[in-house]
Amino acid sequence: PSSKLPNVGTTIFTQMSQLANQHQAINLSQGFPDFETDSELLNLANDFIKKGFNQYAPLGGIMGLKEEIARKIENSHSAIYHPESEVTVTAGGTQAIFTAIATFIKKDDEVIIFEPAYDCYEPTVELFGGIVKRFQMKAPDYEIDWNVVKNLVSEKTKMIILNNPNNPSGKILKENDIQELIKIVKDTNILILSDEVYENIVFEGNQHLSICKYPELKERSLLIASFGKLFHITGWKIGYCAAPKALTDEFRKVHQFNVFCVNTPLQMALGEYMKNDEHYNQLNQFFQKKRDFLRQGLAQTSFELLDCEGTYFQALKYDKISDKSDFDFATELTIHHKVASIPFSAFYKDKLNENVIRLCFAKKNETLEKAIENLAKL
Ligand code: GLN
């Protein structure tokens, strides 16, 4: 059959997880926790299933959960979203991203993305006939030159996709980045899709600047986040999109035919669990300990640790160890040293190879310890 995505294969996350399983390697590739989530949340899910909340939810999401989402956003960023008309619960961050792109991107619309870019943005834009324009952020500091970005903007620019904190680099946007962005979109109709699924994993000395903090950006933005990252439940596949009513109305037209609505009992459980802010207030400290544990463990090795301001990913430069491409190096590391990682080139269209790999540290300390032991031998 003819393919709408002839250049797309299986995602690098699935590929590397499979390779890890095949070779019994410690899997620090695909980003997911290997520890259990809070039993209180699991019990809530169980309770709501048993109490009979097993039929369709409203298409925008369960009211109690939407209210909690709006409350969390207001507390964190002093931004107001109306729960009923401006918050939509989605089947994870990826579905929210897909639906946002499907809703607004037409043939020949241009979309600006920042590489290293999460792998779903570009194919989704292409599916709807859009054209991707990319700015490459590069090792070691992944800075954005906004003058270059400005030159990517044209009459046809429909959307800018941000991923803050950035997966895989761990880079976060600073106040000056946001101010430059504000200047670029001022007096245009450009929409912003802001993928902030790691918003609660930002480390000491850094602050997460959500687009919704800035009225000039909020009015044109679709803000996307994920409970998978917030509560260690990537398999629940629940996230949300918060956007002004006019954008949400359009988003929901597509959402209703994409998934219609999302898992009812799990939404109920999340709505109840989110009433207690303590359940996510300490997340950054929890992951900071893991980040530091991994960094300290690797400090004496030949790997170069790049900065990690947020997310649960650590970038490692390995050019003192090997001159292989990052894909070959990651493959060799999995097969021979039993540690699976993700090659950074997977996040660049032209496969830019800067000898950098990504390790996920959302793992038990004992898992990280074993990985450190193996990597220290290189
Ligand atoms: N977001 C996860 C990561 O970056 C992967 C999710 C997926 O496999 N699609 O590792």
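Here are a few worked exercises on this predicted model.

**Exercise 1: the two domains**

Work out how the chain is divided into domains and what the side of domain 1 that touches domain 2 is made of.

*Solution.* Start with the bounds: the domain assignment gives domain 1 as 12-30 + 282-375 and domain 2 as 54-279. Next, take the centres over C-alpha atoms, and you get 26 Å between domain 1 and domain 2. Now count who touches whom: 26 residues of domain 1 are in contact with 27 residues of domain 2. On the domain 1 side, the elements giving two or more residues are α14, β10 (313-317) and β13 (356-360). Of these, α14 gives the most, with 5 residues. Finally, sort that side by class: 15 residues are nonpolar, 4 polar and 7 charged.

**Exercise 2: the largest nonpolar core**

Find where the largest nonpolar core lies and pick out its best-connected residues.

*Solution.* This core has 104 residues, and Leu222 and Cys241 have the most contacts inside it. Helix α5 (residues 92-104) supplies the largest share, 6 residues. Then check the domains: domain 1 and domain 2 both give residues to the core, so it lies between them.

Zoom in on Cys241 next. Skip its neighbours within four places in sequence, and its contacts are Thr88, Thr90, Ala96, Ala100, Leu222, Leu223, Ile224 and Phe251.

**Exercise 3: Phe98**

Is Phe98 buried or exposed, and what does it touch?

*Solution.* First place it: Phe98 sits in helix α5. Then count neighbours: Phe98 has 23 C-beta neighbours inside 10 Å, so it counts as buried, the cut-off being 20 or more. Outside four places in sequence, Phe98 is in contact with Cys120 and Thr124. As for Thr157, it is 59 residues from Phe98 in sequence and 18 Å away in space, C-alpha to C-alpha.

**Exercise 4: one face of a helix**

Show how the buried residues of α16 are arranged, and what they pack against.

*Solution.* List them: in α16 (residues 365-375), the buried residues are Leu368, Ala371, Ile372 and Leu375. Look down the axis of α16 and these residues fall within an arc of 100 degrees, so they line one face of the helix. The general rule helps here: an α-helix has 3.6 residues a turn, so residues three or four places apart point the same way. The packing partners of the buried residues are β1 (26-27), α14 (283-298), α15 (326-337) and β11 (339-340).

**Exercise 5: backbone oddities and the ligand**

Track down the cis peptide bonds and positive phi values, then describe the ligand shell.

*Solution.* Keep the baseline in mind: most residues other than glycine have a negative phi, and most peptide bonds are trans.

- The bond from Asn164 to Pro165 is cis, with omega near -5 degrees; Pro165 is in the loop between β5 (157-163) and α8 (175-185).
- Asn167 and Pro168 are also joined by a cis bond, omega about 20 degrees, and Pro168 lies in the loop between β5 and α8.
- His232 has a positive phi of about 60 degrees, in the loop between α10 (227-230) and β8 (239-242). With 20 C-beta neighbours inside 10 Å, His232 counts as buried.
- Asn355 has a phi near 55 degrees, in the loop between β12 (342-343) and β13. Asn355 is buried too, with 21 other C-beta atoms within 10 Å.

Now the ligand: Thr11, Phe13, Gln30, Gly31 and Asn167 are around it. Sorted by class, that shell has 1 nonpolar, 4 polar and no charged residues.

Note on methods:
Residues numbered from 1 in each chain as written. Predicted model: local features only at pLDDT ≥ 70, side-chain atom pairs only at ≥ 80, totals over all residues. Near = placed C-beta within 6 Å. Nonpolar A, V, L, I, M, F, W, Y, C, P; charged D, E, K, R; others polar. Buried ≥ 20, exposed ≤ 12 C-beta atoms within 10 Å, placed from the backbone. Helix = DSSP H or I, 4+ residues; strand = E, 2+ residues; numbered from the N terminus. Arc of directions from axis to C-beta. Contact = placed C-beta atoms within 7 Å. Domains from an automatic or database assignment. Core = buried A, V, L, I, M, F, W, Y, C linked by C-beta atoms within 7 Å.
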